[in-house]
Amino acid sequence: MDYDTYGSNAVELAIDLANADRAADPDWAVAFLRAHDEWFTPETALELSPAETRRAAATSDLVRAVAVAGTQDDVIARLNELLALARPHPYATDHDGELHLHYARPDASALEQLTTTVAMGLSQVVAQHGWQRLGVCSAEGCDDVYVDTSRNASRRYCSNTCASRSTVAAYRARRKA
Ligand SMILES: [Zn+2]
Ligand SMILES: [Zn+2]
């Protein structure tokens, strides 16, 4: 599977948004924008009003809802809720040296760029590669979501950290038994 496209990278932005730690910091959304500033046109103000922060949280919830959905009907319904928030206006650019497409208007607000990029990136990967590529981490105590880009679709954990933590735990459990 070739994930080396803008849309496939955009799904990582969606996953990061779904896994953002919102409880710890009331300004989590601005911190998230700053940590992912390569996704926004350079002149974009990376600021959000409280109302916009709530909308970013709703987008985060919807990405998670798509990832945890257990049936295709549910995936489609959640994806369409997410896509209803998007304001796609694709354009071509080579700002990084490579000709590629962006999904949101370059002069859109940070929230509009975020929502649109996340909705389009997630939808594109689900439509091309199947919703089973999205999942929730199997590690105990972790409920982060992931997108599985492995060739044989065998991923079960959000990160290498969770994978090795679980391997160690399973080994200890076997030794005890
Ligand atoms: Zn770009
Ligand atoms: Zn995890």
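Donors to a metal are taken here as N, O and S atoms within 2.8 Å of the metal, and because water is not among the atoms, a site may look incomplete. The structure analysed is a predicted model. By this criterion, the zinc ion (ligand 1) has as its protein donors the NE2 atoms of H95, H100 and H102, at distances of 2.0 to 2.2 Å. Along the chain, these donors are arranged with the spacing H-x4-H-x1-H. The accessibility of two of these histidines was computed. H95 has a relative accessibility of 51% and is therefore classed as exposed, the threshold for that class being over 50%. H102, at 9% relative accessibility, is classed as buried, since that class covers values under 20%.

The second largest pocket has a volume of about 170 Å³. Its lining is made up of E52, R55, A58, T59, L85, R87, S109, L111, E112 and T115. Two helices, α3 (residues 50-68) and α5 (residues 110-129), each contribute at least two residues to this lining. Helix α3 provides the largest share, with four residues. In terms of residue class, the lining of the second largest pocket comprises four charged, three polar and three nonpolar residues.

Helix α5 also contains Q113. With a relative accessible area of 4%, Q113 is buried, because the value is under 20%. The side chain of Q113 takes part in two short-range pairings. One is a polar contact with the side chain of T44, at 2.9 Å. In the other, the side chain of Q113 reaches the backbone oxygen of A108, also at 2.9 Å. When neighbours within four places in sequence are left aside, the residues in contact with Q113 are W39, F40, T41, T44, A104, R105, P106 and A108. T44 and A108 thus appear both in the contact list of Q113 and as partners of its side chain.

A second residue of helix α5, S123, was examined in the same way. S123 has a relative accessibility of 13% and is accordingly counted as buried. A polar atom of the S123 side chain lies 2.6 Å from the backbone oxygen of A119. Apart from residues up to four places away in sequence, S123 touches L79 and L83.

Helix α1, which spans residues 6-19, includes N9. The relative accessibility of N9 is 36%, so N9 is assigned to the partly exposed class. N9 and L122 are 113 residues apart along the chain, and their C-alpha atoms are separated by 9.4 Å.

A backbone feature was noted at A153. This residue is located in the loop that connects β4 (145-147) and α6 (160-176). The phi angle of A153 is near 50 degrees, a positive value in a residue other than glycine. A153 has a relative accessibility of 42% and therefore counts as partly exposed.

Definitions and conventions
Residues are numbered from 1 along each chain as its sequence is written. Chains are lettered from A and ligands numbered from 1 in the order in which they are written. This is a predicted model: local features need pLDDT of at least 70, side-chain atom pairs count only at pLDDT 80 or more; totals for chains, interfaces and linings use all residues. Side-chain values use heavy atoms; hydrogens and water are left out. On a 1 Å grid over the protein atoms alone, a cavity is a set of points where a 1.4 Å probe fits but cannot get out, and a pocket is an open set with protein on both sides within 12 Å along at least five of seven lines; lining residues have an atom within 4 Å of a point. Grid points are joined across faces, edges and corners, and a volume is the space filled by probe spheres set on the points. Ala, Val, Leu, Ile, Met, Phe, Trp, Tyr, Cys and Pro count as nonpolar, Asp, Glu, Lys and Arg as charged, and the others, Gly among them, as polar. Buried means under 20% relative accessible area, exposed over 50%, partly exposed in between (1.4 Å probe, protein chains only). A polar contact is a pair of N or O atoms within 3.5 Å; within protein, one must be able to donate a hydrogen and the other to accept it, and residues adjacent in sequence count only if both atoms are side-chain atoms. Contact means heavy atoms within 4.5 Å. Donors are N, O and S atoms within 2.8 Å of the metal (3.2 Å for Na, K and Ca); water is not among the atoms, so sites may look incomplete.
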